Amino acid sequence: IAEDSNCDTIGSNAFGSTSIKHFFISPKLSNIDCFGNSNLNDISISPHNPNFALYHNAFVIGKSKSEVSGFDVLYFALCDVEKAVIPSFISVIRSNAFFLHKKLKKLEFDDNSKIELIEDEAFGGSTIESVSIPSSIMQINKYAFAHCSNLRHVVFSEKSNCIRKDDKPMEIQKNAFICNMLETIEFLGNCMKIGDARFFYSGKFMILACPDADCICFEFKFNNPSNSLIFVKANSRIMEKL
């Protein structure tokens, strides 16, 4: 995109699933929703563009609103990132930010993380192995961690009470963790309420450990009739046996 381009918006998945390796963010670009590319490993940003910045040569960060003074959105990670440490000032991880990233192994959040939203397919198809979700999270959108072939364990912070700022329960949308190899999801906080278990699918046995949860067993008949999901108290005997 030329330096003097008047283009200010690139829409959803404009370059998705392409083999583009290099991308230039021109001065007037303010809205980019085109990422979803597993080959992009070089991004340059015009020094005259106030809307985006390159963080540690790994992440493209931007603003949730133009009037915001600092950067609070992670738009995209370069495809060669193996360990993603999300800075504390990031509140939103955009759709496809780590989509199909085949080198990604670890995901960590800085202390005092302000992360609130992980958008659709943010980590979809990546090779991430485990996830620890900070207590600040309010919403995880559909397919956020879908089809992560190496994902085994997901842990929600023990400091999380799973209640959002608007007094509504934290929302985990449908198929957020649809991963065949997923073994455990642990909710270590209190007041966890799940009325719909469609946020996951696993070909393996799963345990959701909730300190204040009742011991309830759900049986699902998907492709494998042995699939099951159990809610248990973290200090219950069944946890000791397993």
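Is Asp120 buried or partly exposed? In this predicted model, Asp120 is partly exposed, with a relative accessible area of 21%. That value lies just beyond the cut-off, because buried means under 20% relative accessible area. The acidic residue has a basic partner: Lys142 forms a salt bridge with Asp120, and their closest N and O atoms are 3.0 Å apart. This contact links distant parts of the chain, with Lys142 in the loop between β13 (139-140) and β14 (153-156) and Asp120 in the loop between β11 (117-118) and β12 (130-133), 22 residues apart. Lys142 is itself partly exposed, at 37% relative accessibility.

The salt bridges of the model come to four in number. Another of them joins Asp33 to Arg94, where the closest N and O atoms are 3.2 Å apart. Asp33 belongs to the loop between β3 (31-32) and β4 (42-45), and Arg94 to the loop between β9 (92-93) and β10, so the pair ties together parts that are 61 residues apart in sequence. The two partners fall into separate accessibility classes: Asp33 counts as partly exposed at 26% relative accessibility, whereas Arg94 counts as buried at 15%. The pair also takes part in a wider arrangement, since Asp33, Arg94 and Glu119 are linked in a network of salt bridges.

A further salt bridge brings us to strands β8 and β10. Lys83 forms this one with Glu108, the closest N and O atoms being 3.7 Å apart. Lys83 lies in strand β8 and Glu108 in strand β10, 25 residues apart, and the pair thereby links distant parts of the chain. Lys83 is partly exposed, with a relative accessible area of 46%, and Glu108 is partly exposed as well, with 35%.

The strands that carry this pair are themselves partners. Four bridges join β8 (residues 83-86) to β10 (residues 106-109), and the two strands run parallel. In this pairing Lys83 stands opposite Lys106, while Ala84 stands opposite Leu107. Both strands show two faces. In β8, Ala84 and Ile86 make up the covered face, and Lys83 and Val85 the uncovered one. In β10, the side chains alternate: Leu107 and Phe109 point to one face and are buried, while Lys106 and Glu108 point to the other and are not. The opposed residues Ala84 and Leu107 thus bring together a member of the covered face of β8 and a buried residue of β10. The salt-bridged residues Lys83 and Glu108 belong to the uncovered face of β8 and to the face of β10 whose side chains are not buried.

Elsewhere, seven strands form an open sheet in the order β5-β6-β7-β9-β11-β13-β15, with mixed pairing. At the edges stand β5 (53-55) and β15 (171-172), each with a single partner strand, so one side of each is left without a neighbour in the sheet. Strand β15 is joined to β13 by two bridges, and these strands run parallel. Here Ile140 stands opposite Ile172 in β15.

The loop between β8 and β9 holds Ser91, which counts as buried at 16% relative accessibility. Leaving aside residues up to four places away in sequence, Ser91 touches Asp72, Lys114, Ile115, Glu116 and Leu117.

Aromatic residues add another layer to the picture, with nine aromatic pairs counted. The rings of Phe15 and Phe23 have their centres 6.0 Å apart and their planes at 65 degrees, so the pair is edge-to-face. Phe15 is partly exposed, with a relative accessible area of 30%, whereas Phe23 is buried, with 9%. Phe123 and Phe145 instead form a stacked pair, at 4.9 Å centre to centre and with 0 degrees between the planes. Phe123 is in the loop between β11 and β12 and Phe145 in the loop between β13 and β14, so the pair ties together parts that are 22 residues apart in sequence. Both Phe123 and Phe145 are buried. These loops are also those of the salt-bridged residues Asp120 and Lys142.

Phe123 and Phe145 also belong to one aromatic cluster, together with Tyr55, Phe59, Phe89, Phe98, Phe156 and Phe177. A ring can also face a charged group, as Phe71 shows: Lys63 lies over its face, at 5.6 Å from the ring centre.

How values were computed:
Residues numbered from 1 in each chain as written. Predicted model: local features only at pLDDT ≥ 70, side-chain atom pairs only at ≥ 80, totals over all residues. Heavy atoms only, no water. Buried < 20%, exposed > 50% of the residue type's maximum accessible area, 1.4 Å probe, protein only. Pairing = 2+ DSSP bridges. Salt bridge = Lys/Arg side-chain N within 4 Å of Asp/Glu carboxyl O. Contact = heavy atoms within 4.5 Å. Phe/Tyr/Trp six-rings, centres within 6.5 Å; stacked < 30°, edge-to-face > 60°. Lys NZ or Arg CZ within 6 Å of the ring centre and 35° of its normal.
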